[in-house]
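Got a model open and want to talk it through? Here are some questions and answers to go with it.

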Amino acid sequence: MSSFEIEARVGAEEIAGDDINDVFEDIFLAEERVIEESFHQGLEDGRQEESVKEAQDYGFKKGSEIGRELGFYFTIVTDVASQQEIATNEKAHTILAELIDAIEKFPRVNEPTVDLFHCLQQIRNKYRRLCALLKLPYRFAETNVLSF
């Protein structure tokens with residue numbers, strides 16, 4: 001066998017070895033490739049006009065529900081704060097001040113760095129504490145509750 005034939009045979013064996021490794025690698029990485037392709041397809045579908053409109057409508061609905069709830073709390077709290085009996089109750093006065101401050105500081109625009117639901121939950125908890133302390137019968141009646 002000439003040196004040329006030996007080199008050709010070794011080269012062919014290396015190619016065949018690479019091919020089988022490539023085949024196994026393709027099989028091994030198939031799931032990741034499908035996930036990646038599906039992610040990009042979903043991202044593209046989500047950017048379509050209908051999806052954006054649907055998300056905008058949902059965001060508007062949730063924003064109006066949160067606004068209605070905060071408006072309810074703020075109305076009750078400002079009415080309770082104007083009563084004379086509350087001025088003598090130091091705990092109630094402190095909770096009222098915290099609650100009014102929390103409602104006024106609630107973000108008016110959607111900021112990705114702020115956890116809106118955490119802020120809303122803190123406001124709800126403070127309102128419940130105030131109602132328990134003063135024995136107030138006011139409860140926010142949730143409408144159109146969405147659950148999964």
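## Walking through the model

Phe24 sits in helix 1, which covers residues 3–46. Keep in mind that this is a predicted model.

Q: Is Phe24 buried or exposed?
A: The cut-off for exposed is over 50% relative accessible area. Phe24 comes in at 51% relative accessibility, so it counts as exposed.

Q: Which residues make the nonpolar surface patch of about 400 Å²?
A: Phe24, the helix 1 residue, is one of them. In general, nonpolar side chains in soluble globular proteins tend to be buried together. Here, though, a patch of nonpolar residues is on the surface, and its makers are Ile20, Val23, Phe24 and Ile27.

Q: What pattern does the chain follow along the sequence?
A: There are five helices to place and zero strands. Read in sequence order, that gives α-α-α-α-α.

Q: Which helix gives the most to the largest nonpolar core?
A: That core has 21 residues, and among the members touching the most others are Leu70, Leu99 and Ile123. Helix 2 (49–81), helix 4 (90–105) and helix 5 (116–134) each supply at least two of its residues. With seven residues, the top contributor is helix 5.

Q: Which residues does Tyr127 touch, not counting those up to four places away in sequence?
A: Tyr127 is among the core members that touch the most others, and so is Tyr73. Tyr73 also turns up in Tyr127's own contacts. The full set is Phe72, Tyr73, Ile76, Val77, Leu99, Tyr138 and Arg139.

Q: Is Arg124 buried or exposed?
A: Arg124 is a helix 5 residue. Buried means under 20% relative accessible area. Arg124 has 18% relative accessibility, so it counts as buried.

Q: Leaving aside neighbours within four places in sequence, which residues is Arg124 in contact with?
A: One of the two is Tyr73, which is also in contact with Tyr127. The other is a glutamate. Together they are Glu69 and Tyr73.

Q: What is the phi of Lys135?
A: Most residues other than glycine have a negative phi. Lys135 is not a glycine, yet its phi is positive. This lysine lies in the segment after helix 5, and its phi is about 55 degrees.

Q: What is the relative accessible area of Lys135?
A: Exposed means over 50%. Lys135 is exposed, and its value is 70%.

How values were computed:
Residues are numbered from 1 along each chain as its sequence is written. This is a predicted model: local features need pLDDT of at least 70, side-chain atom pairs count only at pLDDT 80 or more; totals for chains, interfaces and linings use all residues. Side-chain values use heavy atoms; hydrogens and water are left out. A nonpolar core is a set of buried Ala, Val, Leu, Ile, Met, Phe, Trp, Tyr and Cys residues joined through side-chain atoms within 4.5 Å. Buried means under 20% relative accessible area, exposed over 50%, partly exposed in between (1.4 Å probe, protein chains only). Helices (H or I, at least four residues) and strands (E, at least two) are DSSP runs, numbered from the N terminus. Contact means heavy atoms within 4.5 Å. Patches are made of residues with over 30% relative accessible area and no salt bridge: like charges are joined within 9 Å, nonpolar side chains (Val, Leu, Ile, Met, Phe, Trp, Tyr) within 5 Å. Accessible areas come from the Shrake-Rupley method with a 1.4 Å probe; for residues, only the protein chains shown count as cover. A salt bridge is a side-chain nitrogen of Lys or Arg within 4 Å of a carboxyl oxygen of Asp or Glu.
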